[in-house]
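Student: I would like a close look at one part of this model. Please take me through a single strand and then its surroundings.

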Amino acid sequence: MSEQVANQTDIQTEKVTDKLIVRYKGVSKSFGDTTVLNQLDLDIAKGEKIALIGPSGSGKTTIIRMLMTLEEPSSGTIEVDGEMLWHKEVDGKLVPADENHLRKVRGNIGMVFQQYNLFPHMTILKNCTVAPINVLGISKAEAITRAKEMLEKVGLKDKMDYYPSQLSGGQQQRVAIARSLVMRPKVMLFDEVTAALDPELVGEVLEVIKDIASDGETTMILITHEIDFARDVADRVFFLDAGKIAEYGNPEDVLVNPQSERLKAFLKRFN
Ligand code: ADP
């Protein structure tokens, strides 16, 4: 229980070290004079599901955008599967990574956003095969096999010859998830993937994510305002407040038995 109210230095959890996949070490991010992340330390184990919760503007998206190489940390280091993301080690010193290195490490990461952004002029199947063929360089036949497998997983194999406009928002988001999984990322990032959906379509998308989570292999970082979903899926929940991890732990402790007044007030909004 004492781990719950986080002291920034104790986030390097003992459980994680032998099978580490993502490590943020002393990561800060500022935009101009505004510090949006302040000395973040966060270790994530292979296969672990992490939920980031917290008020708007607390820094959640910035955390995952840095992993996706969309924002550069102002200071600190991020490692993915044993490799520095934003830096390279040259003669024992850290130097900024070049674009090739960034692209290589970023290849381990998949991301699904609020806006699913499928290519409107391509069929569902083609939406799922274009990146593996062009980016991973796998054969068309192999890409099609993988895409069908993932479309099956999200329950949309029968729609593979449709165009995005013929699908509901929930179905399109499920395609976006399949499209990401076809790349076989080591880490999947989900940024409020249900926020833009009509309420009646939220459940089907959350079910698909739960199903993928249950295979145990994919590491997931989920930003969500769906508290029940976070409780069901996450191994650990992190409450971000003003650019810091204010409280973290297993979902029961954090979501059912919050310690800080800030988290109690935050969770009240969902009751
Ligand atoms: P959250 O995901 O928790 O809502 P964000 O990580 O999106 O929070 O944003 C944290 C803070 O950083 C916010 O105050 C936001 O306005 C600011 N911010 C994010 N991106 C930029 C940017 N590119 N330029 C300036 N400020 C930014």
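Which residues point one way from strand 3, and which the other way?

Tutor: This is a predicted model. Lys49, Ala51 and Ile53 point one way from strand 3. Ile50 and Leu52 point the other way. That fits a general pattern: in a regular strand, side chains alternate between the two faces of the sheet.

Now consider burial. Strand 3 spans residues 49-53, and five of its five residues are buried. The lysine is included: Lys49 is buried, as are Ala51 and Ile53 on its side. Ile50 and Leu52 are buried too. Here, buried requires 20 or more other C-beta atoms within 10 Å of a residue's own.

Next, the neighbours. Strand 3 pairs with strand 10 (residues 219-223) in the parallel sense, over four bridges. Within that pairing, Leu52 has Ile223 as its bridge partner. Strand 3 also runs parallel to strand 11, and four bridges join them. There, Ile53 has Phe239 as its bridge partner. In general, strands of a sheet pair through backbone hydrogen bonds, either parallel or antiparallel.

Step back to the whole sheet. It is open and has six strands, in the order 8-9-10-3-11-12, with mixed pairing. Its edges are strand 8 (109-112) and strand 12 (244-249), each pairing on one side only. From one strand to the next, the twist averages 20°.

An antiparallel pairing joins strand 11 (residues 236-241) to strand 12, over five bridges. In it, Phe238 stands opposite Tyr248 of strand 12. A helix packs on the sheet as well: helix 5 (residues 169-181) touches strand 8 and strand 9 (187-191). The direction of helix 5 makes about 175° with that of strand 8.

Follow the chain on from strand 3 to the ligand. Gly54, Ser56, Gly57, Ser58, Gly59, Lys60, Thr61 and Thr62 are among the residues surrounding the ligand. Phe31 and Val36 also belong to that shell. Helix 1 (residues 60-67) gives the most to the shell, with three residues. By class, the shell has two nonpolar residues, seven polar and one charged.

Finally, the wider frame. An unreviewed UniProt entry annotates residues 22-267 as "domain: ABC transporter". Over residues 22-267, the chain is 37% helix and 28% strand. The end C-alpha atoms of that stretch are 27 Å apart.

Terms used
Residues numbered from 1 in each chain as written. Predicted model: local features only at pLDDT ≥ 70, side-chain atom pairs only at ≥ 80, totals over all residues. Near = placed C-beta within 6 Å. Helix = DSSP H or I, 4+ residues; strand = E, 2+ residues; numbered from the N terminus. Nonpolar A, V, L, I, M, F, W, Y, C, P; charged D, E, K, R; others polar. Pairing = 2+ DSSP bridges. Axes fitted to C-alpha atoms, helices over the stretch in contact; angles between N-to-C directions. Contact = placed C-beta atoms within 7 Å. UniProt positions renumbered as here; feature names shortened; annotations may be inferred. Buried ≥ 20, exposed ≤ 12 C-beta atoms within 10 Å, placed from the backbone.
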